[in-house]
Every structure is written in C-alpha cells, then in structure tokens.
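Colleague: Got a minute to walk me through this one? I'd like to start with confidence and then poke at a few side chains.

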Amino acid sequence: MSTYVSKEISAELDAARIAGLKKTSRLRVEIGDNTYKILRLWRDGFTVEAETTPQLRGLVDIYDGANHLYQCLIIADQDDAGEMRYEFKRSTASADRAPLDFYRAPDAPIALLGHEE
C-alpha cells in the first residue's frame, strides 16, 4: 500500500496546521513597527509563517501578549512546510528594571524612614 499524498492535499494539510498554530499562539516577534505571529518557540529559535512574513534579519523583540520576553539577534535557517525557521545568534531575557551592580539582601528595607521631631 502506498502512502503517497498529492501536492494539493499536502498544501492544504500544511495550511490547516499553520492556521491551528496561529490560533493558539500568543507569541509575536516585533521588528521596527511591524509585528508577526510566532508559530513555535524553543530555546535556540522560533518559526513564523513563511507565506505572510517577509525575510527577517537582525535585532528583534519577542513578546508574549504585552510582556516583553527577549531581545534577540536572529538569522534565517530554513523554510520547511510553510514555516520559516529562525535561529538565535544572541538571546537576552528582558527585565523590568536595571541590573544591580551590588548585592541586595532579600530582607533589606525598601526605604528608610526618618524620625519625626
């Protein structure tokens, strides 16, 4: 028995798979003023829809909804079944405050209150 699938059916299956991934994903990549939906994200890279997303390159920001997750330097890897795969050359986790250059004790006071006279 043959497991041959025609090109038309294969294309429809890929389109349905990508539509499902787009519907469930909250992740997006932002480059300049443009944003694109991320289909899959892993430790070393991510994929976007190849048909609707232009070729991305350079420094991008990755968001989960409104939360800024990473700032990444990316390169294109390969186009596979309607998904364009990108790999990270550098990925830096985003923080909501500047890093400290000294040790802060976990039980340190937030502020010092003076004595009233």
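Modeller: Sure. One term before we start: pLDDT is the predictor's confidence in each residue, on a scale from 0 to 100. You'll need it here, since this is a predicted model.

Colleague: OK, what pLDDT does the protein average?

Modeller: The average is 83, and 97% of the residues score at least 70.

Colleague: And which elements have the lowest and the highest mean pLDDT?

Modeller: Helix α1 sits at the bottom with a mean of 75. At the top is strand β4, residues 58-64, with a mean of 91.

Colleague: Let's go to the N-terminal end. Where is V5 found?

Modeller: In the segment before α1, and that helix covers 7-24. V5 belongs to a nonpolar surface patch together with I9 and L13.

Colleague: How much accessible area does that patch have?

Modeller: About 280 Å² for V5, I9 and L13 together. V5 has a relative accessible area of 43%, so it counts as partly exposed.

Colleague: New topic: salt bridges. How many does a search of the whole structure find?

Modeller: Six. One of them pairs R28 with E30, with 3.1 Å between the closest N and O atoms. R28 is partly exposed because its relative accessibility is 24%.

Colleague: Why would side chains like that pair up at all?

Modeller: Opposite charges can pair when the charged atoms of the side chains come close.

Colleague: Fair. Which residue meets D77 in a salt bridge?

Modeller: R85, at 3.0 Å from N to O. D77 has 38% relative accessible area, so it falls in the partly exposed class. R85 is partly exposed too, at 28%.

Colleague: And what else does R85 bridge to?

Modeller: To E87, where the N to O distance is 3.3 Å. E87 comes out partly exposed at 27% relative accessibility. Through shared partners, these salt bridges tie D77, R85 and E87 into one network.

Colleague: Nice. Now E49: buried or exposed?

Modeller: Buried, because its relative accessibility is 14% and the buried class is anything under 20%. E49 is in strand β3, which runs over residues 45-49.

Colleague: Which side chain does the E49 side chain make a polar contact with?

Modeller: That of T52, at 3.2 Å. Leaving aside residues up to four places away in sequence, E49 also touches I18, K22, L39 and G82.

Colleague: Last one, T92. Where does it lie, and what does it touch?

Modeller: T92 lies in strand β6, which spans residues 83-93. Skipping residues up to four places away in sequence, T92 touches L69, Y70 and Q71. There's also a polar contact of 2.6 Å between the side chains of T92 and R90.

Colleague: So which accessibility class does T92 get?

Modeller: Partly exposed, because its relative accessibility is 36%.

Colleague: How far apart are T92 and P106?

Modeller: They are 14 residues apart in sequence, and in space the C-alpha to C-alpha distance is 25 Å.

Colleague: Great, that's what I was after. Thanks!

Notes
Residues numbered from 1 in each chain as written. Predicted model: local features only at pLDDT ≥ 70, side-chain atom pairs only at ≥ 80, totals over all residues. Heavy atoms only, no water. Patch = residues over 30% accessible without salt bridge, like charges linked within 9 Å, V, L, I, M, F, W, Y side chains within 5 Å. Areas by Shrake-Rupley, 256 points an atom, 1.4 Å probe, with all protein chains shown as cover. Salt bridge = Lys/Arg side-chain N within 4 Å of Asp/Glu carboxyl O. Helix = DSSP H or I, 4+ residues; strand = E, 2+ residues; numbered from the N terminus. Buried < 20%, exposed > 50% of the residue type's maximum accessible area, 1.4 Å probe, protein only. Contact = heavy atoms within 4.5 Å. Polar contact = N/O pair within 3.5 Å; in protein donor to acceptor, adjacent residues only side chain to side chain.
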